[in-house]
Amino acid sequence: MAVLLVVVLVTAWAAGSQLSPPAPDAASTDAVRLGPAAGQDVDAYLAGTRTVPAPEDPTTRLALVQFDTSLTADAAAAALGHTTDTTLLQAVVRVPFPRVQTALHRVDAPPAPPPAALTAALTTAGGEAAADAGRGGSSSPADARRVAVARAEAAALGRPGCACLVAAVVQVAPTAAPALRAAPGVRAVQVAPPGTSRARIAVSPLLPEQGPGRPDGAVMGPVPDDGPVPPG
């Protein structure tokens, strides 16, 4: 009888599951990627960013603004200021040494006008690079190169006018995305799906060197790391 009862209960549960599937989890923690995937064709990625579905919900969304070249704080602020419906949330900083793999610093923007906020982000990234250079490690050639790169990054970020901003995460109204995309210095704007929270986004921007006719090629792959490291 006990076995029969278990079978009946399991059968009833299975039938109920089929008739009443669970509702989608509104609080899903699945990451939303902003930026191209490894191995993706750059032109295909750029084409996808140009399409923003007509929003049923016109409220602002998160978006990744990717610059055509590495920009200074003033130049990046000018690009982001092309539309008034844009709020800067995070700066993406990377020192552009030719054929040297440098760190990608994602720095939350402080509450300040964009030029000041982006300048502060560069300073914060410089501090992160200096801290990384201070972490020694083994005496292997790879570790010695990592430390040398970090020192050179810190030195570059410590100089006024470092053209080291490659992207920014913003809050923008979907209807304002085309104007932002047309701003001088902007290469692409990828708008996140409605309702995406900052906690869910994974930011990995297209770098200025990546793409057809650019040094790193037309397909997303590892950043070359065989160039000389500038003195730090």
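Guide: Two residues are in contact here when heavy atoms of theirs lie within 4.5 Å. The model under discussion is a predicted one.

Visitor: How many helices and strands does the secondary structure of the chain come to?

Guide: From the N terminus on, the elements run α-β-α-β-α-β-β-α-α-β-α-β-β. The secondary structure thus comes to 6 helices and 7 strands.

Visitor: Which residues of helix 3 are buried, and on which part of the helix do they lie?

Guide: Helix 3 spans residues 73-80, and its buried residues are Ala73, Ala76, Ala77, Ala79 and Leu80. Seen down the axis of helix 3, these residues fall within an arc of 160°, so they line one face of the helix. An α-helix has 3.6 residues a turn, so residues three or four places apart point the same way. The buried residues, Ala73, Ala76, Ala77, Ala79 and Leu80, therefore share one face.

Visitor: Which residues are exposed on the other side of helix 3?

Guide: The buried residues of helix 3 have a cover that includes strand 2, strand 3, helix 4, strand 5, helix 6 and strand 6. On the other side of the helix, the exposed residues are Asp74 and Ala78.

Visitor: Which residues does leucine 80 touch, leaving out those up to four places away in sequence?

Guide: Leucine 80 is one of the residues with the most contacts inside the largest nonpolar core, which has 40 residues. Strand 2, helix 3, strand 3, helix 4, helix 5, strand 5, helix 6 and strand 6 each supply at least two residues of this core. In soluble globular proteins, nonpolar side chains tend to be buried together. With residues up to four places away in sequence left out, leucine 80 touches Val65, Phe67, Thr86, Leu88, Leu118, Ala168, Val170 and Leu180.

Visitor: How many residues does the second, separate core have?

Guide: Leu34, Leu89, Val169 and Val223 are among the members of this second core. It stands separate from the other core, and its residues number 13.

Visitor: What is the bridge partner of leucine 64 in strand 6?

Guide: Strand 6 covers residues 186-191, and 6 of its 6 residues are buried. Strand 2, residues 61-71, runs antiparallel to strand 6 and is joined to it by 5 bridges. In strand 6, the partner of leucine 64 is glutamine 190.

Visitor: Which cysteines does the disulfide join?

Guide: The structure holds 1 disulfide, with an S to S distance of 1.9 Å. A disulfide is a covalent bond between the sulfur atoms of two cysteines. Both partners are buried, because cysteine 162 has a relative accessible area of 9% and cysteine 164 one of 2%, each under the 20% cut-off. The bond joins cysteine 162 to cysteine 164.

Visitor: Is arginine 99 buried, partly exposed or exposed?

Guide: Arginine 99 lies in the loop between strand 3 and strand 4. Although not a glycine, arginine 99 has a positive phi of about 55°. Its relative accessible area is 43%, between the cut-offs of 20% and 50%. Arginine 99 is therefore partly exposed.

Visitor: How far apart in space are alanine 103 and alanine 125, C-alpha to C-alpha?

Guide: Alanine 103 also lies in the loop between strand 3 and strand 4, and is partly exposed with a relative accessible area of 31%. Leaving aside neighbours within four places in sequence, alanine 103 is in contact with Val93, Arg94 and Glu153. Alanine 103 and alanine 125 are 22 residues apart in sequence, and their C-alpha to C-alpha distance is 9.4 Å.

Terms used: Residues are numbered from 1 along each chain as its sequence is written. This is a predicted model: local features need pLDDT of at least 70, side-chain atom pairs count only at pLDDT 80 or more; totals for chains, interfaces and linings use all residues. Side-chain values use heavy atoms; hydrogens and water are left out. Buried means under 20% relative accessible area, exposed over 50%, partly exposed in between (1.4 Å probe, protein chains only). Helices (H or I, at least four residues) and strands (E, at least two) are DSSP runs, numbered from the N terminus. Two strands pair if DSSP finds at least two bridges between them. A disulfide is a pair of cysteine sulfur atoms within 2.5 Å. The arc is that of the directions from the helix axis to the C-beta atoms. A nonpolar core is a set of buried Ala, Val, Leu, Ile, Met, Phe, Trp, Tyr and Cys residues joined through side-chain atoms within 4.5 Å.
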